[in-house]
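Reader: I like to know what stands behind a label before I trust it. Can we go through the labels for this one together?

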Amino acid sequence: MEQTKPLNNSVSMAGEMGKLQNYKLIVELAQDAIFIKDLKSRYVLVNQKALEAFGNLPRRKVVGKSDYALLPPDQAKVNIEDDQKVFKTGKPVEITKKMTAGDKNFYFEAVKTPIKDTKGKVIGLIGIARDITERKNAEEKQMAAMREKQAIMDTMLDSLVVLTLGGEIVSANLAHLKKFGHKSIDEIKGKNITKLSNAFVNPEENVSKAAKLFKGVIQKGYTEHPVEINLRRPDGTQEFIMSVAASVLKDAGGNPKNIVAILRDITAEKQFEEQLISSEKMAAVGQLAAGISHEFNNLMAVIRSSAEFAEKTKRKADIEKSIKQTIQCVNKGTKIAEDLLSFSRRVDRKREKANLKDLIEEILPLIKADLEESDVQVIRKFERIPHLIVDKGQMQQVFLNLIINAKQAMMPKGGTLTVTIKREHKAVSIRFNNTGQLIKKEHINRLFDPFFTTKGSLVGGSIGGVGLGLSVSYGIIQSHGGIIIAESSPGKGTTFTIRLPIMPKKTGG
Ligand SMILES: Nc1ncnc2c1ncn2[C@@H]1O[C@H](COP(=O)(O)OP(=O)(O)OP(=O)(O)O)[C@@H](O)[C@H]1O
Ligand SMILES: [Mg+2]
């Protein structure tokens, strides 16, 4: 083929048309639409692809016509305006545009270049347009899919972040940007999340939590249990406790590609939990205070009426009775005060090596007479057990409480109290089983509550029940790292079991 000069500078429209025939083959075979227009924007030459763009019109219906004859008026107008720009400036113009032919949309990327005569005067233009419809459609589909994905992400109230496997931020939803005060994703995109140390409260701890979480996710594909991570706005204005769960996104080939992390703000929940705990504590303290004042009011009322009665009466016997009653009330008041004291003294007092069997044997003689009087028979089933480190006084107080409760449950008929000491693996158990009155089902869960009693105050002139015995015992056993449980069923009687570890863990009061 003959080597030719470029078209755009030295072609005289009429005279050189013949030479243009030489290009015909190239032009016709080109995959781009190629056309030449004169100064009136009439098509002088069009190739096959250009005709296709006009909906496969025959060439004769295109050549000599302007866009107004071929296209909808608005499109034609835009085309002609582009032509005018080329004619006026004498410079090439690049255009990307959408065109409608028939019922189809086409997208073109076109360059219109002026054709000049030998004197440099513009006499027309040559346009090369590439159909980018397919590419454009694919792009648009992808964009739509992305917009859809983003829209879904943005409707979420929880914060969502997509990361590379290495931890770089790929995208985040609106909730996340808002929560952490980012104006746009660009502020964090591409940054490694574990290196955003100003986003973590207490970075050392929380960054390593996050790193561990991601490592686990990559291995397993998901998080088994959400992890609590403390994060903050980078400007430090707000801190959050986030519950973070993540999973791995795979590519089409099934290989791990991204980590998707979902962060739920549980700050309020946590605060509520704390408030609840402290309000429960307050309620317990209130209950305790109410119980104490109730008990003391009762005692004071009895003391006052006894004293008033003693003052009025002349009978010696009545005066003696009043004094006796007053002393009983004072004793009860003293007992309440002592119980409350051991409540507050639950913190370790003196802990020493002790033989539990000996501790029980020391107590039994003290109430031997009482037990015999009530027809209570004591059976001992003591195994050899190691010495334990305990507060002897407190431990004896517990045993005494349990023995007295047992005796009271067997009154007035009497019965059997069986005390069993056994070794159980790394613990020892001490069981107090008694016959007699069973514990009602509806009471079993309340036995250890302060001031829970079924014994009534000042019953029969005895000290009666305050309802502190078991709650004090519970506190003591707990401070020794042990447990105490109650069971009561027909045929088996009532059993209180204490389990104490042989090597106690350090526990608080
Ligand atoms: N061995 C037992 N058999 C049956 N009921 C029992 C036994 N031990 C405790 N209870 C029940 O548990 C309640 C609470 O016991 P707790 O020792 O705490 O208080 P209390 O004996 O009533 O009064 P306090 O011990 O303060 O004088 C008792 O009132 C009783 O109803
Ligand atoms: Mg008691």
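Reader: What makes Ser171 the partner of Val162 in E7?

Author: A bridge does: in this predicted model, Ser171 of E7 is the bridge partner of Val162. Next to that pair, Val161 stands opposite Ala172, also in E7. Two bridges are the minimum for calling strands paired, and E6 and E7 are joined by three, so they pair; they run antiparallel.

Reader: Which residue in the hairpin of E6 and E7 takes a positive phi?

Author: That's Gly167, with a phi near 100 degrees; the hairpin has four residues between its strands.

Reader: And how do you know that E6 pairs with E10?

Author: Same test: the cut-off is at least two bridges, and six join E6 to E10 (residues 256-265), so the two count as paired, here antiparallel. Val162 turns up again, standing opposite Val260 in E10.

Reader: What makes you say the side chains of E6 alternate?

Author: Look at which way they point. Ser159, Val161 and Leu163 point to one face and are buried, while Leu160, Val162 and Thr164 point to the other and are not. That's what you'd expect, because side chains in a regular strand alternate between the two faces of the sheet.

Reader: Why is Pro412 called exposed?

Author: Exposed means 12 or fewer C-beta neighbours within 10 Å. Pro412 has 7, so it counts as exposed. You'll find Pro412 in the loop between H12 and E14 (415-424). The C-alpha of Pro412 is 8.3 Å from that of Asp375, although 37 residues separate the two along the chain.

Reader: Why are E12 and E16 said to stand at the edges?

Author: Take the strand order of the open five-stranded sheet, E12-E14-E15-E17-E16, with mixed pairing. E12 (376-382) and E16 (483-489) each have a single partner strand, so one side of each is left without a neighbour in the sheet. From one strand to the next, the twist averages 15 degrees.

Reader: How do you know that E12 and E14 pair?

Author: Seven bridges join them, in the parallel sense, against a minimum of two. One example is Val376, whose bridge partner in E14 is Gly415.

Reader: Which helix lies across E12, E14 and E15, and which way does it run?

Author: H11 (residues 356-373), running at about 170 degrees to E12. H12 packs on the sheet too, touching E12, E14, E15 and E17, and its direction makes about 25 degrees with that of E15.

Reader: What makes a set of residues the largest nonpolar core?

Author: The members must be buried nonpolar residues joined through C-beta atoms within 7 Å, and the largest such set has 28 residues. Among those with the most contacts inside it are Val398, Phe399, Leu402 and Ile403. H12 provides the largest share, seven residues. Beyond its neighbours within four places in sequence, Ile403 is in contact with Ile363, Ile367, Leu417 and Phe432. Another core lies apart, with 22 residues, including Val161, Leu213, Met242 and Leu263.

Reader: Last one: which helix gives the most to the shell around ligand 1?

Author: H12, with four residues. Helix H12 (392-409) and helix H13 (469-479) each supply at least two. Of the 20 residues around the ligand, those that come nearest are Ala409, Thr453, Gly465, Gly469 and Leu470. By class, the shell divides into eight nonpolar, 11 polar and one charged. Mind that Gly counts as polar here.

Key:
Residues numbered from 1 in each chain as written. Chains lettered and ligands numbered in written order. Predicted model: local features only at pLDDT ≥ 70, side-chain atom pairs only at ≥ 80, totals over all residues. Near = placed C-beta within 6 Å. Buried ≥ 20, exposed ≤ 12 C-beta atoms within 10 Å, placed from the backbone. Axes fitted to C-alpha atoms, helices over the stretch in contact; angles between N-to-C directions. Contact = placed C-beta atoms within 7 Å.
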